[in-house]
Amino acid sequence: MARRALITGITGQDGSYLAEHLLEQGYEVWGLARGQANPRVSRMRKLLTDVRVVRGDLLDQGSLISAVERVQPDEVYNLGAISFVPMSWEQAELTAEVTGMGVLRMLEAIRVCSGVSRGGDSAGQIRFYQASSSEMFGQVSETPQTERTAFHPRSPYGVAKAYGHFLTQNYRESYGMFAVSGILFNHESPRRGAEFVTRKVSLGVARIKLGLATELRLGNLEARRDWGFAGDYVKAMHLMLRAAAPEDYVIGTGRMKSVRELVAAAFSAAGLDWERYVVTDTALHRPAEVDLLCADPKKARAQLGWEPRVSFDELVAMMVESDLRLLTDGGDPHDDDSWP
């Protein structure tokens with residue numbers, strides 16, 4: 001019998017790539033969605049015709065219990081979140097409820113449906129993956145960051161992710177649940193939302209190349225991040241849940257690039273000089289900036305055998321080429337039907 005996976009946040013970038021990977025592995029894949037009339041569900045169904053949908057909401061404990069009871073999953077991947085960091089200042093309470101408390105509600109649903117008691121054994125239980133984030137490190141105390149680096153989040157999003165991370169550890173230690181967190185550093189793709197800086201850059205380059213715009217306005221060009229390809233990172237999620245023991249892992253490339261270098265690479269991929277088109281705007285800076293994030297993925301490499309395959313330059317070129325095709329074909333990056 002095929003293994004069964006339930007994915008929250010399946011309509012997002014990571015959820016789609018994870019679903020594709022699990023389907024290739026022979027899984028029966030279910031996606032949690034707030035309503036089947038959601039246009040993002042329609043988009044996901046066009047891309048992933050074999051995925052089944054179950055209704056549920058990370059804000060509603062009862063709906064999660066019902067979803068877990070219906071699906072009877074072997075594995076649950078909690079990717080659902082308010083994931084755009086700047087928005088977390090504007091919607092701090094909602095971010096806390098979805099990105100933080102949503103983890104508690106899903107863990108409780110699994111615990112209730114599995115009949116797990118304090119100090120139980122993880123053998124035969126539903127396995128749980130929590131999407132933690134490098135934003136938990138925030139104002140970093142050391143570089144690169146490992147599984148043991150202290151957290152100092154600099155946004156409501158980072159704080160909410162830290163809550164979910166520690167809660168996952170707590171349920172693992174308190175109930176013996178097979179519950180793990182993947183501390184993923186920035187991972188991007190042509191499916192990234194248009195509001196994120198990498199996609200904002202690739203779309204901006206495409207618009208300028210096609211004569212649809214004359215400038216690209218950006219905030220802090222000096223911020224440095226560890227950027228990789230989302231399609232590589234979801235494979236690490238799966239490896240974590242297939243490991244012999246539940247442990248948390250840092251996932252990243254181990255190499256930093258500045259936003260300035262991202263911009264230069266994107267414009268170069270289109271044969272353009274970025275300095276002719278980019279305008280910096282201090283209004284686009286975060287209230288509390290995270291200056292640098294860089295992963296130390298040695299543990300994942302040694303214990304999971306995981307390695308990123310797509311390089312930074314390949315990723316940037318992939319995104320620019322995808323957005324050039326999208327805009328050339330008259331697509332709208334905000335349209336749910338134009339997902340690559």
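Hi everyone. Two strands count as paired when DSSP finds at least two bridges between them. Keep that in mind, because in this predicted model strands E1 and E4 pass that test with 4 bridges, running in the parallel sense. One of the pairings has Thr-8 with Asn-78 as its partner in E4.

Let's follow the sheet from there. E4 also pairs with E5, again parallel and again over 4 bridges. Asn-78 turns up here too: its bridge partner in E5 is Gln-130. And is E4 covered or open on its two faces? Covered on both: Glu-75 and Tyr-77 are buried on one side, and Val-76 and Asn-78 are buried on the other.

Next along is E6. Strand E5, residues 127-133, is joined to E6 by 6 bridges, and the two run parallel. Ser-133, for example, has Leu-184 as its bridge partner in E6. Between these two strands, have a look at helix H6, residues 156-175: E5, H6 and E6 together make a right-handed β-α-β unit.

E6 then has E11 as a further parallel partner, with 3 bridges between them. There you can find Ile-183 standing opposite Val-250 of E11.

So how many residues of E6 are buried? The strand covers residues 179-184, and 6 of the 6 are buried, so the rest of the structure largely encloses it. If you look at the two faces, Ala-179, Ser-181 and Ile-183 are buried on one side, while Val-180, Gly-182 and Leu-184 are buried on the other.

Let's turn to the nonpolar core. The largest one has 34 residues, and those with the most contacts inside it are Ile-7, Tyr-77, Tyr-129 and Ile-251. Several elements each supply at least two of its residues, among them E1, H1, E5, E6 and E11, along with helices H10 and H11. Which helix gives the most? That is H8, with 7 residues.

Now some helices. H1 runs over residues 13-24, and its 12 residues reach 17 Å from the first C-alpha to the last, close to the 16 Å expected. It is mostly covered, with 9 of the 12 residues buried. Those buried residues include Tyr-17, Leu-18, His-21 and Leu-22. It helps to recall that an α-helix has 3.6 residues a turn, so residues three or four places apart point the same way. After H1 comes Gly-26, with a positive phi near 90°.

In helix H5, residues 92-114, you will find Gly-100. Is Gly-100 buried or exposed? Its relative accessibility is 2%, so it counts as buried. Gly-100 and Ala-162 are 62 residues apart along the chain, and their C-alpha atoms are separated by 7.9 Å.

Val-71 sits in helix H3. With a relative accessibility of 1%, Val-71 counts as buried, because the cut-off is under 20%. Here is another pair to try in the viewer: Val-71 and Gly-219 are 148 residues apart along the chain, with 44 Å between their C-alpha atoms.

On to the backbone. Most residues other than glycine have a negative phi, and most peptide bonds are trans. Gln-72 has a positive phi, near 55°, and its place is the loop between H3 and E4. As for peptide bonds, the one from Thr-143 to Pro-144 is cis, with omega near 0°. Where is Pro-144? In the loop between E5 and H6.

Last topic: the aromatic rings. The count of aromatic pairs comes to 9. One cluster is made of Phe-137, Phe-151, Phe-166 and Phe-185. Two arginines are worth finding as well. Arg-111 lies over the face of Tyr-175, 5.2 Å from the ring centre. Arg-127 has its charged end over the ring of Phe-178, at 3.8 Å from the centre.

To recap: E6 pairs in parallel with E5 over 6 bridges and with E11 over 3, and 6 of its 6 residues are buried. The largest nonpolar core has 34 residues, and H8 gives the most to it. Thanks for listening!

Terms used:
Residues are numbered from 1 along each chain as its sequence is written. This is a predicted model: local features need pLDDT of at least 70, side-chain atom pairs count only at pLDDT 80 or more; totals for chains, interfaces and linings use all residues. Side-chain values use heavy atoms; hydrogens and water are left out. Buried means under 20% relative accessible area, exposed over 50%, partly exposed in between (1.4 Å probe, protein chains only). A crossover is right-handed if, with the strands pointing away from the viewer, the path from the first strand over the helix to the second runs clockwise. The expected span of a helix is 1.5 Å times one less than its number of residues. Rings of Phe, Tyr and Trp (its six-membered ring) pair if their centres lie within 6.5 Å; planes under 30 degrees apart count as stacked, over 60 as edge-to-face and the rest as tilted. A charge sits over a ring if NZ of Lys or CZ of Arg is within 6 Å of the ring centre and within 35 degrees of the ring normal. A nonpolar core is a set of buried Ala, Val, Leu, Ile, Met, Phe, Trp, Tyr and Cys residues joined through side-chain atoms within 4.5 Å.
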